2 protein chains.
Amino acid sequence: MTTLADSPWTRQRTNRAARLARAAALAGVRAKAVEADAIVALLEALIEPGDRVCLEGDNQKQADFLARALAQVSPERVHDLHMVQSVLSLPEHLDVFELGIASKLDFSFSGPQSLRLAQLLGAGKLQIGAIHTYLELFGRYFIDLTPKVSLIAAQAADAQGNLYTGPNTEDTPAIVEATAFKSGIVVAQVDEIVDRLPRIDIPGDWVDFVVRAPEPAFIEPLFTRDPAQISEIQVLMAMMAIKGIYAEYGVQSLNHGIGFDTAAIELLLPTYGERLGLKGRICRHWALNPHPALIPAIEAGWVESVHSFGSELGMEDYIRARPDVFFTGPDGSLRSNRAFCQAAGHYACDLFIGSTLQMDMMGNSSTATLGRIAGFGGAPNMGADARGRRHASDAWLKAGREARDGLPGARGTPRGQKLVVQMVETFREHMQPAFVETLDAWKLAEQARMPLPPIMIYGDDVTHVLTEEGIANLLLCRDDEEREQAIRGVAGFTPAGQKRDRAMVEKLRARGVIRRPADLGIDPRDATRNLLAARSMRDLVRASGGLYQPPRRFRNW
Amino acid sequence: MTTLADSPWTRQRTNRAARLARAAALAGVRAKAVEADAIVALLEALIEPGDRVCLEGDNQKQADFLARALAQVSPERVHDLHMVQSVLSLPEHLDVFELGIASKLDFSFSGPQSLRLAQLLGAGKLQIGAIHTYLELFGRYFIDLTPKVSLIAAQAADAQGNLYTGPNTEDTPAIVEATAFKSGIVVAQVDEIVDRLPRIDIPGDWVDFVVRAPEPAFIEPLFTRDPAQISEIQVLMAMMAIKGIYAEYGVQSLNHGIGFDTAAIELLLPTYGERLGLKGRICRHWALNPHPALIPAIEAGWVESVHSFGSELGMEDYIRARPDVFFTGPDGSLRSNRAFCQAAGHYACDLFIGSTLQMDMMGNSSTATLGRIAGFGGAPNMGADARGRRHASDAWLKAGREARDGLPGARGTPRGQKLVVQMVETFREHMQPAFVETLDAWKLAEQARMPLPPIMIYGDDVTHVLTEEGIANLLLCRDDEEREQAIRGVAGFTPAGQKRDRAMVEKLRARGVIRRPADLGIDPRDATRNLLAARSMRDLVRASGGLYQPPRRFRNW
């Protein structure tokens, strides 16, 4: 038998030891503690060319100090890195490619950097492995994309390197577990180093180095929607969602996407929903970031529980005062966890409702547009039928019955189905039609030489399309033609909508496949902003009893 | 504003404090430390009627001491519990229902207790909420099945209540996170209490009470298959799997079910696979418990990485010596994690291959048989097409092309697909046919008043059926009739197989939908046990360089 030192089976561990030894020799590094001005040298000592590196970019929390440091390493020493991180949101996340430090990328979402990402790709500065949904990327961390070095962010550390992430735990546990248990190296930036942490989110055992960043880690308030900006069209659509889908199926557990459309639903529950007698009958359990727009529904006693992917700036005190609703630690602050919340969103929710930029006549939808490579974050996971699900709920059984009723063979075997609702106004900004004959995704795939078009949610998985014109229930469509006409039938005055076969659309309406507001007993004249439980940020603050403290940019009073 | 004490929003926390106060007043409880003989009193103090309780029963590790204690509480004080636990494997897991302590059950798998579970259900002693796949149950822990009290098992604790789970971490992180962060209570049984843990798997912050159990927690070696029991039929089927599926699709990442069929594949990689020149081209990354049958392939350099749901008894030293392959902690022992490995199995693997007891002519399969309520563990999650997956691999793209080629509409939109292979001998034990016209699951659903028949893997998700007669590629079937004949065409001499339409089966064979061994260039006479890289437990031990130490019951030399 070989000894540990020369074993061909312990190369990763030996290599890790060599990296740690190089780091230990640096000035400014004492055991796990690293001085801020030693950080670039530390990364140069720890990272080797070709390494897979996870630079924690979450949906909200950003390891921004470490991102800047990584962009400062010498490309002669550190190059050809393969970045494996869920979100690209800071300029430095792309600088590393521009500077020749990194060359390959696997990710989930690049919203604010999507334009520059496409440009760098076009310029041959990087190679994209793939775009993933979050849980898929985390899964690959344990299979074929395990990070060698992870650069993460937490709120505080103690002397042993235990970490307190505070409310924005987000991706951290998934990243650290994959790295620390495969002979990788974990470097954490923290806002402060304290004697005793309010709680431990990541054991110090799993963390190799801690550096106090000069500034607190950057956090983005992505899920705050000012009710003042909700339109009456959105109120109308929200009424249809509540009466025509939530009530119809008895949806108990759900996830809402980001956006004003779903914020409107949240704000109508305690008013319109209450009037319909739905309290306690729908929307009891949520997989959701702590949306401020949910405050009135929580206060009115609609919400039994909320588990979160991440937190939301300004909601800290409110969450702390509502531990019966939110998952919180002994310190009172939120415990979020993107991996578990995505698993819950996939497997334990009856409904996902989100929006899109484009939908084709088969129901395929995408937010990918020409010249941008944006990724889809959690939508593909949440907006897919969870075919491994086996527990029943009324909503899931009814959707499954509608989808399979009368079908022969394997496709007709009784099975539940997740409700996946796309809620879109027929025209988006600048009068761009949301309904198109061909998604931009096809051209984008060609341009970027992707093996498949970047479709966010496949038509095969969408169950309802909801526009200001009505609801198309695709579950009830029995062939491609019906599906196409059902979509055209709610596509309004878009060119795709105008190409509808009027007779067939009326037939679909008679069958309840298409339902207009009138069919639902909704008078569009009732769809006023007065129905919103909060009509401004100030109303939200008031509804929270002063506990919600919106970030400055949302304070307009 | 209300104060914390009288707030209607902090009832869970107030209630938790009251429980902890009752516990603190007990003799034998000092801070987190509980004497073994105080355990029943502790549970009576902590648990209230109607509570949701998770009694950690994993696939392998069992909180057996706490299970016995729970079965001893007074049903007058503690009753109507709602048990939410992945596995029922100990008699005590059902005793609590028989004794009137618990009344409702949500679970994933009950293999050894499936008969008694059905009897108790029939006798009205319990109500089943639902049967789940593991990740689904974990998801619900964060939505609508959050445990109020969790009774878990770890290998060691320190004075602060930090836990070392050792190699069998399994479900523990998911259970503890859901409980500890929703004002629940976590009680851990440990084998020993030490000054310094080899590593920390669960932070002490998340744990309320620790009790040293009189005996180490029971662990079941579920994934050990003695190569001596592998038949030549299984060797033949394994050859077909490797040449006809793994090589054909270039499968890089995969999960194997439990069983001799897949053990045979593992043992053929370094012999037959090597001869086909497949090393490095297939089977590089695994989501898998550390199967002893994989040792020869690992030693021959086939395996780059293995991430595990749980561990396997006897593999400890071998794993410790192979950290380049397995996920291990700084102490050298395995870090398993069922939640992450299931996420990886769902989203990051190209192929799942498993077995079943029954399959119908639509390809629906189930291990549920009359009079038993067994559940399916991870199979529904792993054996379902991951429709949220967006990263491409050759295997996934090819399967998707085969499935969608020529289809119109939404169903024809290009998309990859997971390979889901059912590998079954046409007759199982006692000459029971594996292929049937109607699954027992239908009658079982009726008997147990389930809303849907307990199907393990839906025909809609199965891509290949592999028997000793050949491979049926269901991806290439274009209608129900083709699918039915493809299945009958490999169903051998079972009544279902004999009802095949011979002409159509030959047509399907000509099209490559059905492939016989001869079509694959496999001579059944070559399928001898000599092809197995290990033919006995002793061979496995030898292949491991003496590092693998099989449990006593597998030592037959």
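This report walks through how two protein chains meet in a predicted model, and then looks at some salt bridges and a few single residues.

A quick word on the ground rules: residues are numbered from 1 along each chain as its sequence is written, and chains are lettered from A and ligands numbered from 1 in the order in which they are written. Because the model is predicted, local features need pLDDT of at least 70 and side-chain atom pairs count only at pLDDT 80 or more, while totals for chains, interfaces and linings use all residues; side-chain values use heavy atoms, with hydrogens and water left out.

**How the two chains meet**

Let's start with the two copies. Chain B superposes on chain A by a rotation of 180° with 0.0 Å of shift along the axis, at an RMSD of 0.0 Å (a least-squares fit on the C-alpha atoms of residues with pLDDT of at least 70 in both copies). The two copies are thus related as by a two-fold rotation axis. In chain B, the C-alpha nearest that axis belongs to B:P203, 3.1 Å away from it.

Contact here means heavy atoms within 4.5 Å. On that count, 102 residues of chain B touch 103 residues of chain A. The area buried between them is about 8600 Å², and carbon and sulfur atoms give 61% of it; buried area is the accessible area (1.4 Å probe) that two parts lose on being put together, summed over both. On the chain B side, B:W9, B:I143 and B:R390 lose the most area to chain A, together 11% of what that side buries. The copies meet through the same surface, since 100% of the interface residues of chain B are also interface residues in chain A.

The interface also has 46 residue pairs in polar contact, both partners at pLDDT 80 or more. A polar contact is a pair of N or O atoms within 3.5 Å; within protein, one must be able to donate a hydrogen and the other to accept it, and residues adjacent in sequence count only if both atoms are side-chain atoms. Helix α12 (residues 338–347) of chain B gives the most to its side of the interface, with six residues. Helices are DSSP runs of H or I with at least four residues, strands are runs of E with at least two, and both are numbered from the N terminus.

**Salt bridges**

A salt bridge is a side-chain nitrogen of Lys or Arg within 4 Å of a carboxyl oxygen of Asp or Glu. Over all chains the count is 71, and eight salt bridges link chain B and chain A. Here are some of the pairs:

| Pair | N to O distance |
|---|---|
| B:E177 and A:R335 | 2.9 Å |
| B:R16 and B:D208 | 3.0 Å |
| A:R387 and B:D460 | 3.3 Å |
| A:E402 and A:K398 | 3.6 Å |

Buried means under 20% relative accessible area, exposed over 50%, and partly exposed in between (1.4 Å probe, protein chains only). B:E177 and A:R335 are both buried.

The pair in chain A sits within one helix: A:E402 and A:K398 are four residues apart in helix α14 (residues 394–404), so about one helical turn separates them. A:E402 is buried at 14% relative accessibility, whereas A:K398 is partly exposed at 22%.

B:R16, in helix α1 (residues 11–24), and B:D208, in the loop between β10 (185–193) and β11 (209–212), tie together parts of chain B that are 192 residues apart in sequence. B:R16 is partly exposed at 22%, and B:D208 is buried at 14%.

**A few single residues**

Most residues other than glycine have a negative phi. A:S183 and A:C283 go the other way: A:S183 has a positive phi of about 60°, and A:C283 has a positive phi of about 60° too. A:S183 lies in the loop between α7 (172–180) and β10 (185–193) of chain A and is buried at 6%. A:C283 lies in the loop between α9 (260–275) and β14 (285–287) of chain A and is buried at 0%.

Over in chain B, B:T262 is part of helix α9 (residues 260–275) and is buried at 3%. Leaving out residues up to four places away in sequence, B:T262 touches B:H256, B:G257, B:I353 and B:M423. Its side chain reaches the backbone oxygen of B:G257 at 3.0 Å. B:I353 is 91 residues away along the chain, yet the C-alpha atoms of B:T262 and B:I353 are separated by 7.5 Å.
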